[in-house]
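Visitor: I'd like to walk through this model and hear what stands behind each label. Can you take me round?

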Amino acid sequence: MHDSAPLTESAATTDVPSLDVDAVRAQFPYLEREDDVVYLDSGASAQKPRAVLDAMYAFGGSHYANIHRGVHVLAREADAAFDAARETVAAFVGSTARETIFTGSVTQSINLVAHSWGRTNVGAGDEVVITHMEHHANLVPWQQLCIAQGATLRYLELDEQGRIRLEQLDEFLAGGRVKLVALAHVSNVLGTINPIAEVVRRAHDAGALVLVDGAQAVPQMPVDVAALDADFYGWTGHKLYGPTGIGVLHVRRELLAGMPPFLTGGDMIRIVDFQETSWADGIHRFEAGTPPIIEAVGLAAACDWVGAIGGPAAVHAHEQAITAYALEQLGAIEGIDVVGPRDAAGRGALTAFAMAGVHPHDVAEIIARDGVCVRAGQHCAEPLHRALGIPSTTRASFAAHTTRGEIDALVASIGRVQSIFG
Ligand SMILES: Cc1ncc(COP(=O)(O)O)c(C=O)c1O
């Protein structure tokens, strides 16, 4: 059932290294389960390859201590591993260690910017621009910031294929009040890949900054934060085959000094006196308390692992081929309506769909009986579903280990759903 059939022509004929999907699959312990699960929920959280689990086990077992406060042998080893992890994670997306903050998740990364930069720079009458496709993590913090500061939250609407219109962005920017444009790099429901470099160019020309939510993009495609020129770029470890409990925020170096701390406490200070405190420089003022140390080592191992299987470009080519196949197969089923761009080239590795006359929770529930794991609901994007005029969707999302055979399994299960509901 889960054969790794050849990729489509487009993936096979580019000069991008191709993935050896069988070799990739052999590295995932969850695929050794006897019940033959078909995991199509990587967009929610990715399964972990052995290399990541082993790295965390080895570090946590034999080299572990708290960091930046000890002089003994384990403390020195932990310091070195943590600092090396930051270098690896930064380099993976074309950033630098001194612009890379470890947080607990991309949700925390965005909250950090909203509280620190936002409360310092966004005031009454200012505008923050987001889009209708945002995950709540990149919506609620801006909504709350605007409420607190007396600013206005404006939404870029989407065309019928789920894409933003740059002309509308230009209209908003022309008003001269926009302080920040915050948008997803890849939508977690529509799959739309937003034209970030173009958005950044237009926003900067108008004096606005840009925050990118890269939660879905970093696991799926090559990302070069420096080339994109975004001011803030956040992502989350558990979607990149890494552990939960760690997120990343890249901040343009020139902005760091003007940003007050978000959380205060140990490790982020320079001098603490009875009545006042001064802050550590650069990224360190944003890492209060003990950071996710084992998780940082695990995330660095995940970056290295993606490199070792062929790199983000190879993963992207494979996932685009799988997405093209899924769009073709799902598109052929009567009563299935896939949301988002219709062409796999312009979208990320996921397909969310509505099924005529069947609630997505029933779809997911019946599909699950076949061992096929998908997600149903609003995927933390309630305003998007409202804008689309549909209550919720069922989402299948893909990864480096996904095969065409697994898409066939999904399609067969959908057939069973349809036969149950007549
Ligand atoms: C586009 C997008 N942004 C943000 C998040 C939130 O990620 P986390 O829960 O790791 O903070 C997700 C998770 O589904 C996502 O898909």
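Visitor: What makes threonine 107 a polar contact of the ligand?
Guide: This is a predicted model, and in it a polar side-chain atom of threonine 107 lies 2.5 Å from an oxygen atom of the ligand. The cut-off for a polar contact is a pair of N or O atoms within 3.5 Å, so 2.5 Å qualifies.

Visitor: And what about histidine 135 and glutamine 216, how do you know that they count?
Guide: Same test. For glutamine 216, an N or O atom of the side chain is 2.7 Å from a ligand oxygen. For histidine 135 the distance is 3.4 Å. The limit is 3.5 Å, so histidine 135 passes as well.

Visitor: How much of the ligand does the protein bury?
Guide: On its own the ligand exposes 400 Å², and 88% of that is buried by the protein. Among the residues around the ligand are Ser105, Asn188, Asp213, His238 and Lys239.

Visitor: Why is histidine 401 called buried?
Guide: Its relative accessible area is 0%. Buried means under 20%, so histidine 401 fits the label.

Visitor: Where is histidine 401, and what does it touch?
Guide: Histidine 401 sits in the loop between strand 15 and helix 16. Its contacts beyond four places in sequence include Val21, Phe28, Tyr39, Tyr241 and Glu406. Tyr30 is on that list too, and the side chains of histidine 401 and tyrosine 30 are joined by a polar contact of 3.3 Å.

Visitor: How do you know that strand 11 and strand 12 are paired?
Guide: Pairing takes at least two bridges. Three bridges join strand 11 to strand 12, so the two are paired, and they run antiparallel. One detail: isoleucine 336 has methionine 355 in strand 12 as its bridge partner.

Visitor: Why are strand 11 and strand 14 said to stand at the edges?
Guide: The open sheet has four strands in the order 11-12-15-14, with antiparallel pairing. Strand 11 and strand 14 each have a single partner strand, so one side of each is left without a neighbour in the sheet. On average, neighbouring strands are turned by 30 degrees against each other, direction ignored.

Visitor: Which helices go with this sheet?
Guide: Helix 14, residues 360-368, packs on the sheet and touches strand 12, strand 14 and strand 15. The direction of helix 14 makes about 160 degrees with that of strand 14. Helix 16, residues 404-420, lies across strand 11, strand 12 and strand 15, at about 10 degrees to strand 12.

Key
Residues are numbered from 1 along each chain as its sequence is written. This is a predicted model: local features need pLDDT of at least 70, side-chain atom pairs count only at pLDDT 80 or more; totals for chains, interfaces and linings use all residues. Side-chain values use heavy atoms; hydrogens and water are left out. Axes are lines fitted to C-alpha atoms, for helices over the stretch in contact, and angles run from 0 to 180 degrees between N-to-C directions. Contact means heavy atoms within 4.5 Å. A residue is near a molecule or strand if one of its heavy atoms lies within 4 Å of it. A polar contact is a pair of N or O atoms within 3.5 Å; within protein, one must be able to donate a hydrogen and the other to accept it, and residues adjacent in sequence count only if both atoms are side-chain atoms. Accessible areas come from the Shrake-Rupley method with a 1.4 Å probe; for residues, only the protein chains shown count as cover. Buried means under 20% relative accessible area, exposed over 50%, partly exposed in between (1.4 Å probe, protein chains only).
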